[in-house]
Structure formats: C-alpha cells, structure tokens
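Here are my notes on this model, as numbered points. Please read them with the structure open.

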Amino acid sequence: MNMDLVIRGGISDTTGQPLEIGIAADRIAAVAASGLPGAPLELDAAGGMISPAFIEPHFHLENALLWDDTMMNQSGTLEEAIQIYAEVKQHLTTADIVARSGKILHTAVANGTLWLRSHVDIDHIAGTRILESVLVARETYGDLIDVQLVAFPQLGLTRNPAAVEAMWEALEMGCDLVGGMPHGERTMEDAARHIEIAFEMAQKYDVDVDMHIDETDDPYWRSLELLAEQTIATGWHGRVTAGHCCAMSAWDDALAERIIEKVRLAGIHIITNAPINLMLEGRHHGFPEPRGIARVKQLLEAGVNVSCGQDDVQNMFYPYGRMDPLEVALITAHAAHLGAPGEIQAAFDMPRYNAARLWGLESYGLHVGAPANLVVLDAQSAVEALRRTPNRRFVIRKGKLLAETTTQTIWHETTAGRTS
C-alpha cells in the first residue's frame with residue numbers, strides 16, 4: 001500500500017505499546033508496532049504518545065482576548081462579566097472578531113485541538129450581528145479546524161422575548177445547535193419554559209442541544225433536572241449537553257443523587273468548566289468558600305459522560321487560559337480530586353474520547369479507516385501528559401501536517417553537573 005505519511009517511533013495512547021501509523025490521503029491506512037513501508041514524509045515521534053486530536057467542547061470565540069482597561073471585571077463575578085460584555089458587544093466589528101478568533105484558533109490547533117464548539121450570543125442587543133461575524137471566522141479558518149456554533153441566548157428567552165425570534169433566525173443562518181441558559185430566567189417555572197422553547201427549535205431543525213446550566217452556587221437552581229426531564233420526554237437521549245452545572249456543588253447529597261440518575265437515564269453529556277468556575281463562583285460567600293464546580297467524580301461514577309472545556313480566554317469572564325486542553329484537564333483533576341490511576345486516565349480522556357462522544361465523532365480513534373486527525377505528545381502516559389502539559393510535537397489534520405512544536409533547553413557551563 002502506498003502511503004503519504006508515516007509516523008514512526010511512537011506509543012499507543014491506550015496501551016503504551018510501540019506504534020507506527022501510516023496515512024494515505026486523509027485516512028489512517030495502516031497501524032502496526034513497527035515495520036511499515038516508507039512514505040514521502042516520515043515523522044519521528046521520539047517515543048512520544050500518538051493520540052487522536054483534542055476537542056474543545058465549550059468555548060466563546062467572539063469575546064476571547066477582549067482585554068483592556070475598559071473591560072476589567074473588578075468584582076470577579078459572573079454578573080459583572082455579563083454586564084460588561086452586554087455593553088462591549090454593541091461595538092464589536094467583524095474584522096475584530098475574525099482577527100481575535102484567528103489568534104485563538106491557531107493557538108488551539110498548535111495545542112492539538114482540531115474540533116471546537118463555540119457559543120454565540122443571540123439577544124435583543126446583538127440580534128444575529130455577532131453570529132454573522134463568527135460565521136465569517138468559521139469560514140476563514142475552515143481549513144484549520146472544524147467549528148460548531150451554538151445559538152446562545154445568554155440574556156434569557158422568557159425574560160427576553162426578542163431573543164426567541166433571533167434564535168430561530170440564527171438556526172436558519174447556520175448555527176449547528178440550540179443553546180440556552182435557563183438559570184438566567186427569574187424563576188424555575190420560567191426556566192422550564194426556556195427549555196421547552198429551545199427544544200421546540202431543536203425538534204424543528206433536528207439538531208442537538210447544548211445549554212449553560214446552573215452556572216451559580218445557589219442551590220435553588222436545579223434546571224439540570226428540568227433539562228433531563230425534557231430530554232427524556234422528547235426522546236432527545238444522547239443529543240443534549242449541559243455545561244457548567246455548578247449548583248450541584250451546593251445541593252444536598254440526596255438531591256444530587258436523584259438528579260444525576262435522571263441525567264444518566266437521559267444520556268446527557270456534562271461539560272465541566274473548572275478553570276472559569278473556580279474563578280467566578282463563591283464570590284458571594286464567606287469562608288469556607290464553595291468550589292462551585294460540577295460533581296465530576298460522582299457523575300463519572302454514575303456512568304455519565306463528562307468532558308471539560310476552556311470556556312474563555314483573557315476576557316471579562318476569565319483573565320487567564322492558554323487554549324490547552326491538557327491544562328484544562330489538569331485543573332479539572334485538581335478541583336475534582338481525580339488522583340487515582342483510573343481517575344487520571346478519565347481526566348486525560350475528557351478532551352479526547354469523552355468529548356468525541358458528545359460531538360458525535362463516530363470514527364474517532366487510531367484505527368484503520370479513521371480520519372487522520374492526530375496529535376503526537378512528548379509524553380509516555382496519561383499522568384505525564386497532564387503533569388507536564390508537554391509539547392504537541394506534531395499536529396496532523398486530514399492527513400496533512402499542520403503544526404510542529406519543539407522546546408530546547410541548553411545547559412551552559414555554569415550549570416554543569418546539575419541533576420534537577
């Protein structure tokens with residue numbers, strides 16, 4: 001078999017055993033421990049791990065890297081961040097959104113991410129104007145990364161009726177999923193109607209649902225339960241994702257157990273956004289302050305599919321972030337107490353196999369016939385990948401080498417003899 005590219009000297013991401021990958025056109029054509037025939041382009045993994053590329057399941061492209069003195073979130077709260085962005089979004093231009101999106105997407109790809117799901121604000125302030133710009137960004141960088149867009153009514157649906165019409169329009173314009181934020185409504189009853197409206201749209205267009213759910217440490221909010229019930233009632237099993245899910249950290253154990261079981265029955269995918277929610281939640285409490293993230297360990301133990309998302313980078317919601325899925329998984333592992341070997345592997349799989357399930361990537365993996373979307377890590381195990389967040393030595397999309405990263409440390413005479 002003629003191959004265009006061969007990766008040699010790697011190890012499997014699942015077994016740790018020696019691995020070579022042969023690629024023909026845009027597909028994996030051969031998998032072997034060694035001995036694959038030559039190819040015009042051969043890459044040396046240098047003992048590193050070969051993995052399917054990463055997936056960023058929860059992000060906001062349009063407000064990434066919005067950072068100057070007029071946009072500072074002084075209180076550090078989610079409420080102030082939303083207020084600041086409500087003002088800023090009125091003045092965003094297509095050129096600006098496309099330029100900032102380009103910086104973020106190139107960074108994501110260099111870090112091994114080849115799929116990204118972005119929530120786009122749809123409301124009475126912006127209408128579909130921001131969506132128009134993000135659609136241009138998606139088209140501009142379409143040869144670099146696959147981007148899904150979620151129509152996101154951050155300011156509500158029942159309390160912001162103008163957003164309902166704009167949401168319908170957004171789906172006509174090319175949004176791939178219906179979003180929502182039911183806890184942004186005034187009451188649980190309004191939240192239930194918010195969810196119903198979103199599902200009416202999802203059923204009309206036969207698309208999946210991905211909502212911001214209970215991004216608060218107030219135990220009153222349990223719209224996750226409403227979402228699970230609506231998912232079951234409409235038969236949308238496996239087609240619904242809930243991001244954040246912070247309020248469950250404040251629920252009593254009996255309530256959490258009841259709702260997590262409903263989530264499992266509904267086949268809802270959960271995305272924890274640990275870096276952002278560790279920063280934003282707990283701001284209204286004295287000590288001891290709540291962590292304000294989803295009950296990741298309990299969800300995993302219940303058999304719920306859990307992944308992790310970056311959410312934001314250097315803006316009014318979150319001042320940090322490197323668009324590195326391994327960094328996000330590492331922070332998640334710390335916050336969720338994932339330290340046993342199986343838990344470390346689960347954290348490593350969150351932006352990989354777990355995220356692939358919620359995205360619906362049926363051919364994700366390193367088998368013959370799978371799309372050749374790969375990353376080679378300078379690591380030999382899950383714990384090393386998380387602990388060191390090492391270089392992504394090679395990033396390959398559709399059989400083409402996109403990015404290569406190496407780091408060199410030079411020891412000079414004054415440091416000769418050091419061992420650590």
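1. A term first. Buried here means under 20% relative accessible area, exposed means over 50%, and partly exposed covers what lies in between. The model is predicted. By the burial cut-off, R352 is buried, and D349 is buried too.

2. These two residues also pair up. R352 and D349 form a salt bridge, with their closest N and O atoms 2.6 Å apart. Both sit in helix α11 (residues 341–359), three residues apart, which means about one helical turn separates them.

3. How many salt bridges does the structure hold? The count is 27. The next three points take up further examples.

4. E20 pairs with R8, and the closest N and O atoms of this salt bridge are 3.1 Å apart. The link joins distant parts of the chain: E20 belongs to strand β2 (residues 18–24), R8 to strand β1 (residues 5–12), and the two positions lie twelve residues apart in the numbering. E20 is buried, because its relative accessible area is 8%.

5. R397 forms a salt bridge with D146, at 2.7 Å between the closest N and O atoms. R397 is in strand β15 (residues 392–397) and D146 is in strand β8 (residues 146–152), so the bridge ties together parts 251 residues apart in sequence. Is each partner buried or partly exposed? R397 counts as buried, because its relative accessibility is 6%. D146 has 29% relative accessibility, so D146 counts as partly exposed.

6. Some bridges join into a network. R222, E225, E229, R258 and K262 are linked in this way by salt bridges. Please check this group on the display.

7. Now the cysteines. A disulfide needs two cysteine sulfur atoms within 2.5 Å. By this rule the count is zero disulfides. Why does C246 form no such bond? The closest cysteine sulfur, in C245, is 7.4 Å from the sulfur of C246, so the gap is too far for a bond.

8. Burial of the cysteines deserves a line as well. C246 has a relative accessible area of 0%, so C246 is buried. C175 is also buried, because its relative accessible area is 6%.

9. Next, the pockets. What volume does the largest pocket have? The space in it is about 310 Å³. Its lining is made of 15 residues, and those nearest the centre are L78, E79, H183, E215 and T216. Helix α1 (residues 78–88) supplies the largest share of this lining, three residues. By class, the lining of the largest pocket splits into five nonpolar, five polar and five charged residues.

10. The second largest pocket holds about 230 Å³ of space. It is lined by 13 residues, with S249, R291, I293, A294 and R295 closest to its centre. Which helix gives the most to this lining? Helix α9 (residues 296–301) does, with three residues. The lining of the second largest pocket divides into seven nonpolar, three polar and three charged residues.

11. To close, three items to keep in view. The model is predicted. The disulfide count is zero, and the salt bridge count is 27. For the pockets, the volumes are about 310 Å³ for the largest and about 230 Å³ for the second largest.

Note on methods. Residues numbered from 1 in each chain as written. Predicted model: local features only at pLDDT ≥ 70, side-chain atom pairs only at ≥ 80, totals over all residues. Heavy atoms only, no water. Buried < 20%, exposed > 50% of the residue type's maximum accessible area, 1.4 Å probe, protein only. Salt bridge = Lys/Arg side-chain N within 4 Å of Asp/Glu carboxyl O. Helix = DSSP H or I, 4+ residues; strand = E, 2+ residues; numbered from the N terminus. 1 Å grid on protein atoms, 1.4 Å probe; cavity = no way out; pocket = protein on both sides within 12 Å on 5 of 7 lines; lining within 4 Å. Points joined across faces, edges and corners; volume = space filled by probe spheres on them. Nonpolar A, V, L, I, M, F, W, Y, C, P; charged D, E, K, R; others polar.
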